[in-house]
Amino acid sequence: MSELILALIAGGAVGLALGALGGGGSVLAVPALIYLLGFTPAAATTASLLIVVATSLTALYGHARAGNVRWRAGALFAAAGLLPAAVAGAFAVRLPQPLLTVAFAALAAVAAVRMLRPAQDRPEAPPGARPARATGAGAGLGAVTGLLGVGGGFLAVPALVTVLAFEMQAAIGTSLLVISVNSLASLVSRGATTAGVDWAVIGPFTGAAILGAWDGKRLAAAVSGTLLQRTFAVVLLAVAAFMLADALV
């Protein structure tokens, strides 16, 4: 019973992050599955992708109905990252895990700092340049997410805000499209199986995450974009600090 309660709490937190912030699901899900629910890292990665796909698609539907998804830019962004993610993922297995962890933490910290910059300090993206910029940013994001083994939502939101000059609500909604595509591609490219995945835990976890995503979407509609942006930056900084400490201990 305690395991079920932990799964429901963790799932709700993952869903809330995805629905309200447009990212952070895999960053929250993997540690929760390993440290709270006793999954092996391999099983936790597979389960996390399954959870994030289901939750992201649910949250994407809600944001799409609210008009927060920029489909063209999002599709270019996601498609451009597929091949770089596969190549980077193959290269990542040759690198020491502590190095990857430190790189992940540093990247999350840089993204958080960029998100905390005042809006007027960020460069504006001319409307005509957005397709090309979306392709370039998506390819870079795909390479980074493939190398570091994450879903990419926590990086997609800052990229959409800072590179493409999206407002926060559009960045959140569009990032869910990117997360869904990247997570599905990760499941396919790694030939992931469900071996070691405890469906008695993953079922309630996923259900709680989906419900949390709806609550997160309502939160995103009720709270100002600036507050969401700062909240997301704080989450990124906390993740960066935790991972850096874990790598150095």
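**Exercise 1.** Is Arg-218 buried or exposed in this predicted model?

*Solution.* Step 1: the relative accessible area of Arg-218 is 51%. Step 2: the exposed class starts over 50%. Step 3: Arg-218 is therefore exposed.

**Exercise 2.** Find the salt-bridge partner of Arg-218 and place the pair in the fold.

*Solution.* Step 1: Arg-218 pairs with Asp-215, and their closest N and O atoms are 2.3 Å apart. Step 2: the limit for a salt bridge is 4 Å, so the pair qualifies. Step 3: helix α10 (residues 199-222) holds both residues, which are 3 residues apart, about one turn of the helix. Step 4: Asp-215 has 39% relative accessibility and counts as partly exposed.

**Exercise 3.** The structure holds 2 salt bridges. Determine what the one between Glu-167 and Arg-70 connects.

*Solution.* Step 1: the closest N and O atoms of Glu-167 and Arg-70 are 2.6 Å apart. Step 2: Glu-167 sits in the loop between α8 and α9, and Arg-70 in the loop between α3 (41-65) and α4, so the bridge ties together parts 97 residues apart in sequence. Step 3: Glu-167 is partly exposed at 43%, and Arg-70 is partly exposed at 25%.

**Exercise 4.** Locate the nonpolar residues of the largest core and of the surface patch.

*Solution.* Step 1: the largest nonpolar core has 38 residues, and Phe-77, Met-115 and Phe-232 are among those with the most contacts inside it. Step 2: elements giving two or more residues to this core include α1, α6 (97-116) and α11 (225-248). Step 3: a second, separate core of 25 residues includes Ile-51 and Val-201. Step 4: on the surface, Leu-6, Tyr-35, Leu-36 and Phe-242 form a nonpolar patch with about 410 Å² of accessible area together. Step 5: Leu-6 belongs to helix α1 (residues 2-21) and is partly exposed at 31%.

Methods: Residues numbered from 1 in each chain as written. Predicted model: local features only at pLDDT ≥ 70, side-chain atom pairs only at ≥ 80, totals over all residues. Heavy atoms only, no water. Patch = residues over 30% accessible without salt bridge, like charges linked within 9 Å, V, L, I, M, F, W, Y side chains within 5 Å. Areas by Shrake-Rupley, 256 points an atom, 1.4 Å probe, with all protein chains shown as cover. Salt bridge = Lys/Arg side-chain N within 4 Å of Asp/Glu carboxyl O. Helix = DSSP H or I, 4+ residues; strand = E, 2+ residues; numbered from the N terminus. Buried < 20%, exposed > 50% of the residue type's maximum accessible area, 1.4 Å probe, protein only. Core = buried A, V, L, I, M, F, W, Y, C linked by side-chain atoms within 4.5 Å.
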